[in-house]
Amino acid sequence: MRQAVEYCGLKPDRRGLCLCPFHPDRHPSLKIYPDGKGFYCFTCGAGGDPITFVARYREISNAAAARELAAAFSIPLQAPMSYREKREAERTARRRKETAAWAKRAGIYMKVYRGLLCDAIRERNEHFEEGLKNLTWAEYMMEQLEENPEQVYEDRKAVKKIGTIEERVNHWYL
Ligand SMILES: [Zn+2]
């Protein structure tokens with residue numbers, strides 16, 4: 001708050017008092033509060049935060065004052081987020097987390113499944129045909145889960161098929 005007031009060319013004393021620019025003031029009646037509590041004039045009742053102070057002092061909008069202060073004090077500006085944008089960002093983050101957790105688990109099962117298929121082909125055991133049929137798919141899916149988990153997760157058919165693999169692996173030797 002003090003920096004914003006000084007930026008406007010006013011000089012608060014050590015108690016944080018200065019002449020109020022918002023009414024004809026002969027005795028300092030504008031108080032600058034520490035710890036981000038803003039300013040208040042005991043005579044005319046003007047009060048607010050650093051942005052509203054600069055906006056009113058320079059007769060510009062709050063947005064313009066915010067941009068000016070940000071530039072003056074090298075504060076990075078973030079575009080304001082609407083409620084909808086915030087909800088959208090949260091949903092995306094949640095979805096990404098969900099996808100990552102799913103892809104990790106699916107990747108583990110696909111790796112086990114690939115190993116079982118390789119064994120089946122090598123040993124020519126009762127799963128030989130399944131091995132021939134699914135090995136290429138299993139390897140392709142492992143690669144996709146690693147490289148494009150979001151894309152795989154959006155493919156409901158792939159998700160469904162990978163889901164059956166978990167059960168397939170668990171029942172392999174039964
Ligand atoms: Zn005043």
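**Entry 1: α4 against α7.** I began with how these two helices pack, keeping in mind that this is a predicted model. I found an angle of about 55° between α4 and α7, and their axes are 9 Å apart. Because oblique covers angles that are neither under 35, over 145 nor 65 to 115 degrees, I noted α4 as oblique to α7. Their crossing is left-handed.

Next I asked which residues of α4 meet α7. On the α4 side I listed A106, Y109, M110, V112, Y113 and L116, and on the α7 side I162, I165, E166, R168 and V169.

**Entry 2: the largest nonpolar core.** I looked up this core and got 15 residues, with A106, M110, Y113 and L145 having the most contacts inside it. At least two residues each come from α4 (83–123), α5 (128–147), α6 (149–154) and α7 (156–170). Which helix gives the most? I noted α4, with eight residues.

I then followed L145 outward, leaving aside neighbours within four places in sequence. L145 is in contact with A103, A106, G107, M110 and V152.

A second core, separate from that one, has 13 residues, M1, A4, L30 and I51 among them.

**Entry 3: the sheet.** I went to the strands last. Four of them make an open sheet, with antiparallel pairing and the order β1-β2-β3-β4. The edges are β1 (17–18) and β4 (47–48), each of which pairs on one side only. I checked how β1 joins β2 (residues 30–32) and found two bridges in the antiparallel sense. C18 has L30 in β2 as its bridge partner, and I had already met L30 in the second core.

Terms used. Residues are numbered from 1 along each chain as its sequence is written. This is a predicted model: local features need pLDDT of at least 70, side-chain atom pairs count only at pLDDT 80 or more; totals for chains, interfaces and linings use all residues. Two strands pair if DSSP finds at least two bridges between them. Helices (H or I, at least four residues) and strands (E, at least two) are DSSP runs, numbered from the N terminus. A nonpolar core is a set of buried Ala, Val, Leu, Ile, Met, Phe, Trp, Tyr and Cys residues joined through C-beta atoms within 7 Å. A residue is buried if 20 or more other C-beta atoms lie within 10 Å of its own, exposed if 12 or fewer, and partly exposed in between; C-beta atoms are placed from the backbone. Two residues are in contact if their C-beta atoms, placed from the backbone, lie within 7 Å. Axes are lines fitted to C-alpha atoms, for helices over the stretch in contact, and angles run from 0 to 180 degrees between N-to-C directions. A crossing is left-handed if the near helix is turned anticlockwise from the far one by less than a right angle, and right-handed if clockwise.
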